[in-house]
Amino acid sequence: MKISTRARYGLRLMYELALHYGEKPVILKDIAKAQEISEKYLGQLIIPLRASGLVQGSRGAHGGYRLARPPSAITIHQIVEILEGDLAIVECTVHPDVCKRAGRCVTRALWTDLKDIIDGSLQKVSLQDLLSKHNRQE
């Protein structure tokens with residue numbers, strides 16, 4: 001399994017919004033500069049994050065984007081799943097009907113356990129945890 005640029009950059013976008021939580025909205029141009037990511041690409045990533053309700057946007061001279069919830073209420077799993085889709089290692093862990101061997105497959109339990117470990121790990125980490133870890137490193 002490989003996490004795409006979409007999820008990695010989307011997480012950095014969300015981290016930047018978390019840095020400014022409770023402040024005025026942040027424009028994509030500022031996020032692009034701070035995170036060294038194309039503003040155009042960020043524009044594509046913000047769409048599903050807004051649609052999911054994790055991000056709010058506002059227009060106008062003082063417009064921009066902000067988190068819709070506190071950083072502590074947004075998990076890394078939520079962000080990655082919105083941007084990547086289901087984090088299944090193999091399709092049969094989520095949709096056993098795609099494989100006629102799913103019911104008797106020797107390795108399906110292994111892949112299911114691995115998916116559960118990954119999901120559980122990402123669900124335990126919030127944006128606030130990332131902020132706290134970064135602040136300790138400075």
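Colleague: Let's start with E36: buried or exposed?
Modeller: E36 counts as exposed, because its relative accessibility is 72%. The cut-offs are under 20% relative accessible area for buried, over 50% for exposed, and partly exposed in between, with a 1.4 Å probe and protein chains only. Bear in mind that this is a predicted model, where local features need pLDDT of at least 70, side-chain atom pairs count only at pLDDT 80 or more, and totals for chains, interfaces and linings use all residues. Numbering runs from 1 along each chain as its sequence is written, and side-chain values use heavy atoms, leaving out hydrogens and water.

Colleague: Good to know. Where does E36 lie?
Modeller: In the loop between α2 and α3. Helices here are DSSP runs of H or I with at least four residues, strands are runs of E with at least two, and both are numbered from the N terminus.

Colleague: And what is its phi like?
Modeller: Positive, about 55°, although E36 is not a glycine. That value comes just after α2.

Colleague: What about S38, where is its place?
Modeller: S38 is also in the loop between α2 and α3. Its relative accessible area is 41%, so S38 is partly exposed. If you want a long-range distance, S38 and L114 are 76 residues apart along the chain, and their C-alpha atoms are separated by 33 Å.

Colleague: Back to α2 then. Which of its residues are buried?
Modeller: L28, I31, A32 and Q35. They sit on the same side of α2, because they cover an arc of only 100° around the axis. The arc is taken from the directions that run from the helix axis to the C-beta atoms.

Colleague: Which residues are exposed on the other side?
Modeller: K29 and K33 are exposed there.

Colleague: So what covers the buried residues of α2?
Modeller: The cover includes α1 (5-19), α3 and β2 (64-67).

Colleague: How do α2 and α3 cross?
Modeller: The axes of α2 (residues 28-35) and α3 (residues 39-51) come within 9 Å, crossing at roughly 115°. Axes are lines fitted to C-alpha atoms, for helices over the stretch in contact, with angles from 0 to 180 degrees between N-to-C directions.

Colleague: Which residues meet there?
Modeller: From α2 there are L28, K29, I31 and A32, and from α3 they meet E39, L42, G43 and I46. Contact means heavy atoms within 4.5 Å. Notice that L28, I31 and A32 also belong to the buried residues of α2, while K29 is exposed.

Colleague: Switching topic: what's buried in α4?
Modeller: In α4 (residues 76-84), the buried residues are I76, H77, I79, V80 and L83. Their arc around the axis is only 165°, which puts them on the same side of α4.

Colleague: And what follows α4?
Modeller: G85 follows, with a positive phi near 95°.

Colleague: Now the strands. Where is the place of S58?
Modeller: S58 is in β1 (residues 55-58). S58 counts as partly exposed, because its relative accessibility is 37%.

Colleague: What does S58 touch?
Modeller: Leaving aside residues up to four places away in sequence, S58 touches P25, G63 and G64. As for V26, it is 32 residues from S58 in sequence and 9.8 Å away in space, C-alpha to C-alpha.

Colleague: How about G57, what does that one touch?
Modeller: With the same sequence neighbours not counted, up to four places away, G57 touches R50, G64 and Y65. G57 is in strand β1 too, and at 30% relative accessibility it counts as partly exposed. G57 and G120 are 63 residues apart in sequence and 30 Å apart in space, again C-alpha to C-alpha.

Colleague: Let's zoom out. How many helices and strands does the protein chain have?
Modeller: There are 6 helices and 2 strands, and along the sequence they follow the pattern α-α-α-β-β-α-α-α.

Colleague: What does the C-alpha trace span?
Modeller: About 60 × 30 × 25 Å along its principal axes.

Colleague: Last ones: what share of the residues is buried, and what share of the contacts comes from residues 24 or more positions apart?
Modeller: Of the 138 residues in the protein chain, 32% are buried. Among contacts with a separation of 6 or more, residues 24 or more positions apart account for 64%.
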